[in-house]
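Reader: I should be grateful for a close look at one part of this protein, beginning with a single side-chain contact and then placing that contact within the fold around it. Please give the cut-off behind each term as it arises.

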Amino acid sequence: MNEDIRIHSWPCSYYLDSSKQWIPGKLSLTPLSIQFRADKTGELLVDFHLSGISEIKKESSHLIFSSLTILEKSTKHWFSSLHPNRNVVFNILEHFWREQLVSRQEAGAGAALESSKGKELTGMLEGSQKRLEDTAKVLHSQGEQFDNIMRGLHKIEGDMDVADRLLTELESPSWWPFSTKLWKTPLEAKPKETPAAPDAKRQEGILLRIPVIITHRTDSNAKPGKLTVLSSGLEIRDCNSQLLHRFESRDVDDVWVHSPYEISVRQRFIGKPDNSFRLLAARMPEAIPVLEMQFSKKIQFLEDALGFAGARKSPQGDLGASVWQAASGFLGAAANPGIPAGSGQGTDKEQAQLQKISQEEAKELRQILQKLKGLALETEAELERQDEALDSIGSSVDRAALTVERQSRRMRRLT
């Protein structure tokens, strides 16, 4: 992807230390760098890579109010008079800077591995398997604790029944001939608790989740949050994971792609304002193909994104894929070695990666994936059982509390 794409730009002033004065101009963000160009001369005064940034802060002093500082190596750059406001610029710059750091760490880790692609994937899957096994052990221990709690609650309920019979005997008048031998009335049949049906929203698949910068309608405040692409719609949450809005697939009327890094999602209404969100993210190129597949008749590439759409459809368009997608592709190719290299079923890069995986590695990967699938299913079943146990524990505790309160009132009347 062309690194000269301008993601965003803001009018502002830059403090030029050499001349000790503020220079009006425009601050620009590209996928890999930050630039500042003076309005009067058109000179590029600032141009440095995002990876060279050490710190981004909001600062102010008695001379500089509402300023943004960027520490690049040993140089501190000051920007002020930011439009629309300082918080918007800070949130967007910090988002892309942090995503750049994350991508560098992942790239560094991949470059450090000298093993083949098959061994790399095997190591990653073995790590996932170990973590899932540890999680299953913790869940099993937690389930045993729930079982112990349930046994304790059943014993408490039995003790409560005994206390109820004794209180009934004490409450009977002395002249009642059957006071020492109570009539045994049949116990009220307790309604059998039926486990609540699992929440469909909780079980639906998550296709993609990425951090984004959110702008709602015409609000100028851009705030950090998360976009979750589900099989049935979209969820937009704030930085505290609080749900801001959920779009069902049928509710989405328009998805506009402004650039490879920015989209708008809109739901139209008659007689009231439309509900729209503008989303900006460093990882948006990963989400756009998923959105295009899900909203194929509603997505529209605007002028600045048409080049991206064409490049993405070309054989050289590489938006990156998840480890699981890569593993699935590698396994399929290893299972069908007869596919010719020039058959057009993948890029040259993918064909080179396929050659690095042997039949033994593919077999080992299949075995690990089968174990992972089994562990995941067992974990899901255990979680559902524990959910039911928690509901039952809650109901039992509520019943026990009501019984204790009722019997306490009866005891107070006896004294």
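Author: The side chains of Arg266 and Asp254 are joined by a polar contact of 2.6 Å. A polar contact here is a pair of N or O atoms within 3.5 Å; within protein, one atom must be able to donate a hydrogen and the other to accept it, and residues adjacent in sequence count only if both atoms are side-chain atoms. The model is predicted, and local features therefore need pLDDT of at least 70 and side-chain atom pairs count only at pLDDT 80 or more, whereas totals for chains, interfaces and linings use all residues. Residues are numbered from 1 along each chain as its sequence is written, and side-chain values use heavy atoms, with hydrogens and water left out.

Arg266 belongs to strand β13, residues 262-267. Helices (H or I, at least four residues) and strands (E, at least two) are DSSP runs numbered from the N terminus. Arg266 counts as buried because its relative accessibility is 19%; buried means under 20% relative accessible area, exposed over 50%, and partly exposed in between, with a 1.4 Å probe and protein chains only. Leaving aside residues up to four places away in sequence, Arg266 touches Asp251, Val252, Asp253, Asp254, Trp256, Asp274, Asn275 and Ser276. Contact means heavy atoms within 4.5 Å.

Asn275 and Ser276 lead to a second residue, since His216 also touches them, together with Phe277, when residues up to four places away in sequence are not counted. The side chains of His216 and Asn275 make a polar contact of 3.0 Å. His216 lies in strand β8, residues 206-216, and counts as partly exposed because its relative accessibility is 30%. The C-alpha atoms of His216 and Leu279 are 8.8 Å apart, although 63 residues separate them along the chain.

The strands that carry Arg266 and His216 belong to an open sheet of 8 strands with mixed pairing, in the order β11-β10-β9-β8-β14-β13-β12-β15. Its edge strands are β11 (243-248) and β15 (299-301), each of which pairs on one side only. Two strands pair if DSSP finds at least two bridges between them. On average, neighbouring strands of this sheet are turned by 30° against each other, direction ignored. Axes are lines fitted to C-alpha atoms, for helices over the stretch in contact, and angles run from 0 to 180 degrees between N-to-C directions. Helix α4 (residues 284-294) packs on this sheet and touches β8, β9, β10, β12 (254-259), β13, β14 (275-280) and β15. The direction of α4 makes about 110° with that of β8. Within the sheet, strand β9 (residues 223-230) runs antiparallel to strand β10 (residues 233-238), with 6 bridges between them. Gly225 stands opposite Asp238 in β10.

A second open sheet is formed by 7 strands in the order β4-β3-β2-β1-β7-β6-β5, with antiparallel pairing. Here β4 and β5 are the edge strands, each pairing on one side only. Strands β1 (residues 8-16) and β2 (residues 21-29) run antiparallel and are joined by 9 bridges, and the bridge partner of His8 in β2 is Leu29. The hairpin of β1 and β2 has 4 residues between the strands, and Lys20 takes a positive phi near 55° there. β1 also pairs in the antiparallel sense with strand β7 (residues 75-80), over 2 bridges; Tyr14 has Phe79 as its bridge partner in β7. Between β3 and β4, which run antiparallel, there are 5 bridges, and Phe36 has Val46 as its bridge partner in β4.

Leu29 appears again in the largest nonpolar core, where Leu27, Leu29, Ile34 and Leu93 touch the most other members among its 28 residues. A nonpolar core is a set of buried Ala, Val, Leu, Ile, Met, Phe, Trp, Tyr and Cys residues joined through side-chain atoms within 4.5 Å. At least two residues of this core come from each of β1, β2, β3 (33-38), β4 (44-49), β5 (53-59), β6 (67-72) and α1 (86-112). Helix α1 gives the most, with 7 residues.

For the chain as a whole, there are 8 helices and 15 strands, and buried residues make up 34% of its 415 residues.
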